[in-house]
Amino acid sequence: MNLSSPVTTLTRIGAQRAQKLQKLDIFTVEDLLYWLPRSYQDLREIYSVSNAPEELPCCVSGIVAAAPTTSLIRKGMTTTKVRVVDERERMEITFFNQTYVRNVLFPGKTYIFYGAVERKGSLRTMTNPMFEQEGKRHFTGRIMPIYHLTAGISNFIISEAVRQALVNCGRSLVDPFPEEFLRAHELMQIGRALQNVHFPQDFEELQKATRRLVFEELFFLSLGLSLMKSRRVEGTGFLCAPKDLREYLDTLPFALTNAQLRTVGEAMADLCSGVPMNRLIQGDVGSGKTVVAAACVWLVAQNGGQSALMVPTEILAEQHYQTLEPLLAQSGVRVGLLTGSMKAKQKRDIYERLELGMIDLIIGTHALISDGVRFHNLGLVVTDEQHRFGVGQRAKLAEKGRGSDGTMPHVLVMSATPIPRTLALIIYGDLEVSIIDERPPGRQEIDTFLVGSDKRQRLYGFIRKQVEKGHQVYIVCPSVSEETALEKGTMTAAELKAVEEYAAELQTKVFPELRVGLVHGRLKAKAKEQVMSQFAAGEWDLLVSTTVIEVGVDVPNATLMVIENAERFGLSQLHQLRGRVGRGSAKSHCVLVSDNRNPDTRQRMKVLCGTNDGFQISEEDLKLRGPGDFFGARQHGLPQLRVADLSGDLRVLQEAKEAAEALLMADPTLSRPEHQPLLEKVRQLFDKNSGGMN
Ligand code: ADP
Ligand code: MG
């Protein structure tokens, strides 16, 4: 048996149990070893029959007084009774359908029984206890691990399997950390840590063991991310000469908020510093990040440089193009658009103009990192909605702007998902951060409600009322496949049918008097754009859509967002969706429709009803789902955290991050022989999730 052996190599785990364990994602012996207890029960105290407390599960030591006897109660039901004693009292134990106990409980021997003692008349009794021979201490007389379970798998089955795994493989566990490293960071050796996290000697050892595992996990997370990150750019960035910002501000139809002004100031200082900018702008949906980015584009253009703005979807690229083109044209900045669905000829035309320097700002999707794209003088890379991009893509685009003399473009990242501080610390460790924590004036809070579909008639009434007031309504239906893919057209046929039928039903049966539009990811970019712009122009009252509108068009007249099957979305995503309303001056609402009764799920959605603060929501989201899920592991390549809790393990995180940094400082490519196991492990972890670290 070794770590990668299937769990069936353990005794008492056959094919059936193995299949059940798969539901917990446990396939191998190693998976089992990392299936950590969710809590512990202190069973170190062992009572005698006469002094055991009643009603509470505890360990009771007793001598078997006579051989167990079995009787058939009715068809398919046997009881096996056994009497145990101490020097003062006796206790009768009943086992249902466990005749095997006759063969393992011997008169005259002492056993420890774990169960609740009950009194029947003058007799103490216990039913179906776990037991083992005195002195064995596999689970009695110690701190017992309590595991998350699944149907057909008891806590005892898991703890027994883990015990076997530790006995057989505990010693062959190779510690990825060199001995010296363990000492320097006061970390327990891996074998001992796993032993103690499952079967702690005492609570102090448990705490040390947990710390070791949390440290390891966060260490590899930081290490992997540092290796993936664009190497910290040294040397020069595209140098801008300062310009009077008022020239740009005068082209805007509104005054910037203080938070926007501050952020513009911070970014401008970077652009004029000669060192490549690496800045993250965090701001809630609607906080006005675009005009801030545009200010940077403007300054770079005034200095003869090009900018690239990369966004995750075509529709967003188009929207940005439509707002930025007329705005920047006022300052003579030439704006172009490049998306994957454009005709080859159009693309070639754009490529040519880019290379000749006839475009100052190119807005596009992933198409921007394709091979044909060459810049004349790329000075600034902006990515919007960054969490949708893999960590490497930002670097890839920036790389296109590397000058022959080694100069690098500035990088500006806009995140519409406020990222919890803890996570930002790791993921954006190499970025300066600006926060836009103020909304443009006149915005109202969005009131959010959670309703079941039994309230549908009332909901329809509410929708009608909004339209009567001259407003518009979004109705979002989740498309799971659309959400998990980066490009359009990935929605399954069944999902497409469902949303089409739903829209048709609303139009014909519920709202025959209203104009119901439909937009989804299977539509061609042109068709999508057409529907969206019709909606923006007020030609539809209701817009049924899949998630394509998540980062979509700005329609200030839309005042109600209805989200069907809301439980299928992550909190941050729901918050993003909701941000599509409340963009005008009228009161806006969001209705989450869900029949899901799971208390966790309901609590998750209630978070949205309670607050409009994106930072608070993302903290909750992270707490509830873990960072892998938070970003969508596939897109982001972040390994799942099994032990660490990023909402609580902040101090260990800091330590682990520093240790990872120090290590990379000393050995930037982890090429020293003693660091091979570390490199192996980080590769393994990240490859599993992202399909490659390069
Ligand atoms: P996000 O941060 O979500 O990207 P946008 O940049 O799309 O937000 O801005 C949302 C809307 O607010 C846009 O219509 C934009 O024109 C408008 N806006 C941005 N800044 C201001 C401001 N200071 N005053 C008024 N409206 C603003
Ligand atoms: Mg935006």
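# A tour of the predicted model

**Stop 1: two helices that cross.** Select helix α19 (residues 571-578) together with α20: their axes come within 10 Å and cross at roughly 35°. Remember as you look that this is a predicted model. The crossing of α19 past α20 is right-handed. Now show the side chains. From α19, Leu571, Leu574, His575 and Arg578 take part. They meet Arg604, Met605, Val607 and Leu608 of α20. Sorted by class, this contact has five nonpolar, one polar and two charged residues.

**Stop 2: the sheet beside α20.** Keep α20 (residues 599-610) selected and add β19 and β24. The helix lies across both strands and runs at about 155° to β19. Next, select the rest of the sheet. Six strands make up this open sheet, and their order is β19-β24-β23-β20-β22-β21. The pairing is parallel. Which strands stand at the edges? They are β19 (446-451) and β21 (516-519). Each has a single partner strand, so one side of each is left without a neighbour in the sheet. Look at the twist too: neighbouring strands are turned by 20° against each other on average, direction ignored.

What holds strands together in general? Strands of a sheet pair through backbone hydrogen bonds, either parallel or antiparallel.

Zoom in on β23 (residues 558-563) and β24 (residues 588-593). These two pair in the parallel sense over four bridges. Pick methionine 561, then find its bridge partner in β24, cysteine 590.

Now add helix α15 (residues 456-468). It lies across β20 (472-476), β22 (542-545), β23 and β24. Against β23, α15 runs at about 160°.

**Stop 3: the largest nonpolar core.** Here is a general point to carry along. In soluble globular proteins, nonpolar side chains tend to be buried together.

Select Tyr248 and Leu328. Among the 41 residues of the largest nonpolar core, these two touch the most other members. Several elements each supply at least two residues of this core, including the helices α9 (258-271), α10 (289-302) and α11 (314-329). Strands do so as well: among them are β14 (335-338), β15 (361-364), β16 (378-384) and β17 (410-415). Which element gives the most? Colour α10, which gives 11 residues.

Stay on tyrosine 248 and show its surroundings. Neighbours within four places in sequence left aside, tyrosine 248 is in contact with Val291, Ala294, Ala295, Trp298, Leu327 and Leu328.

There is a second, separate core of 33 residues. To find it, select Leu10, Ile157, Val162 and Ile190, which are among its members.

**Stop 4: an enclosed strand.** Select strand β9 (residues 123-127). Is it open or enclosed? Four of its five residues are buried, so β9 is largely enclosed by the rest of the structure. The cut-off for buried is under 20% relative accessible area.

Add strand β6 (residues 90-96). It pairs with β9 in the parallel sense over four bridges. Click isoleucine 93: its bridge partner in β9 is methionine 126.

Then add strand β8 (residues 118-120). This strand pairs with β9 in the antiparallel sense, over three bridges. Lysine 120 has leucine 123 as its bridge partner in β9. The hairpin of β8 and β9 has two residues between the strands. There, glycine 121 takes a positive phi near 65°.

**Stop 5: residues in loops.** Go to aspartate 25, in the loop between α1 (15-22) and α2 (29-33). Its phi is near 65°, a positive value in a residue other than glycine. Aspartate 25 counts as exposed, at 56% relative accessibility.

Glutamate 55 is next, in the loop between β2 (46-48) and β3 (57-64). Phi of glutamate 55 is also positive, near 75°. With 56% relative accessibility, glutamate 55 counts as exposed.

Jump to valine 174, in the loop between α4 (155-169) and α5 (179-184). Valine 174 is exposed, with a relative accessible area of 67%. Add proline 677. The two are 503 residues apart in sequence, yet 8.8 Å apart in space, C-alpha to C-alpha.

Finish at glycine 406, in the loop between α13 (391-399) and β17. Buried, exposed or partly exposed? At 28% relative accessibility, glycine 406 counts as partly exposed. Add glycine 237, which is 169 residues away in sequence and 8.8 Å away in space, C-alpha to C-alpha.

Notes. Residues are numbered from 1 along each chain as its sequence is written. Chains are lettered from A and ligands numbered from 1 in the order in which they are written. This is a predicted model: local features need pLDDT of at least 70, side-chain atom pairs count only at pLDDT 80 or more; totals for chains, interfaces and linings use all residues. Side-chain values use heavy atoms; hydrogens and water are left out. Two strands pair if DSSP finds at least two bridges between them. Axes are lines fitted to C-alpha atoms, for helices over the stretch in contact, and angles run from 0 to 180 degrees between N-to-C directions. Contact means heavy atoms within 4.5 Å. A nonpolar core is a set of buried Ala, Val, Leu, Ile, Met, Phe, Trp, Tyr and Cys residues joined through side-chain atoms within 4.5 Å. Buried means under 20% relative accessible area, exposed over 50%, partly exposed in between (1.4 Å probe, protein chains only). A crossing is left-handed if the near helix is turned anticlockwise from the far one by less than a right angle, and right-handed if clockwise. Ala, Val, Leu, Ile, Met, Phe, Trp, Tyr, Cys and Pro count as nonpolar, Asp, Glu, Lys and Arg as charged, and the others, Gly among them, as polar.
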